[in-house]
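Reader: Please take one part of this model and go through it slowly, with the cut-off behind each term, and then place that part in its surroundings.

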Amino acid sequence: MANNELTKLLQDVVLKNDKPARDVANEINKPYPTLLREINPEDKGAKVGVEELIPIMKATGSIRPLTRLANIMGYVLVPMDINPEDPDEANYMALDLMDGFGRYSKALKSALQADPSDELVDSVEQEGFEAITAILTMVHYLRKRAEEEKAKNAPRLAQVS
């Protein structure tokens, strides 16, 4: 893992989401200039503390920092709060799954066509974790949907017996 990887990721999460960074700063009760310094990988004088990760993730609606931390430790995160009655959610998960496999395949191809540097291996690892997460999320979604369908049909099956 690169030294500034998490700081760069936090900077990306704060600056590239639907909410302006100034609003994120207000939401987490931090002066805007301070937040910008803390998420700047080039600024060695100020860094975001671990206690601020959750407020930043809530304010931005992104769990990418948590997901990356889990991946670094060899784990994947699978969301448990999935609405099986929302077809859009399933469609987005399926698209994310395809996108994840595309990025993984591209990273793997690059690594196999060159002398695998630490950077290339890290890229394959990160994209692989994201693809695995997308697969497990889709499986969890489908299981939950099947369980809910079974529960809906259970009263009808009891009446038939």
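Author: A residue is called buried when its relative accessible area is under 20%, exposed when that area is over 50%, and partly exposed in between, with a 1.4 Å probe and protein chains only. The model is a predicted one, in which local features need a pLDDT of at least 70 and side-chain atom pairs count only at 80 or more, while totals for chains, interfaces and linings use all residues. Residues are numbered from 1 along each chain as its sequence is written, and side-chain values use heavy atoms, with hydrogens and water left out.

The part I choose is helix α5 (64-72), where helices are DSSP runs of H or I with at least four residues, strands are runs of E with at least two, and both are numbered from the N terminus. In α5 the buried residues are P65, T67, R68, A70 and N71. N71, a residue of this helix, counts as buried because its relative accessible area is 1%. Leaving aside residues up to four places away in sequence, N71 touches V76 and F129, a contact being heavy atoms within 4.5 Å. Just after α5, G74 takes a positive phi of about 90°.

Helix α5 also takes part in covering α4 (53-60), since the cover over the buried residues of α4 includes α1, α2, α3 (32-38) and α5. Within α4, L53, I56, M57, A59 and T60 are buried. These residues lie on the same side of α4 because they cover an arc of only 165° around the axis, the arc being that of the directions from the helix axis to the C-beta atoms. On the other side of this helix, I54 and K58 are exposed. A positive phi follows here too, with G61, just after α4, at about 75°.

The link to the interior runs through the largest nonpolar core, a set of buried Ala, Val, Leu, Ile, Met, Phe, Trp, Tyr and Cys residues joined through side-chain atoms within 4.5 Å. This core has 13 residues, and those with the most contacts inside it are L10, V14, L35, I39 and I56. Two or more residues come from each of α1 (5-15), α2 and α4, with α4 giving the largest share, 4 residues. For I39, the residues touched beyond four places in sequence are T7, L10, Q11, V14, L15 and V48.

Outside this core, N29 lies in the loop between α2 and α3 and has a positive phi of about 55° although it is not a glycine. N29 counts as exposed because its relative accessibility is 72%. Elsewhere, R22 lies over the face of Y32, at 4.0 Å from the ring centre; for this, NZ of Lys or CZ of Arg must be within 6 Å of the ring centre and within 35 degrees of the ring normal.

Helix α6 holds L97, which touches A131, A134 and I135 when residues up to four places away are not counted. L97 and D12 are 85 residues apart in sequence and 21 Å apart in space, C-alpha to C-alpha.

As to confidence, pLDDT is the predictor's score for each residue, from 0 to 100. The protein chain averages 84, and 91% of the residues score at least 70. Helix α6 (residues 87-112) has the lowest confidence, at a mean of 80, and helix α2 (residues 21-27) the highest, at 96.
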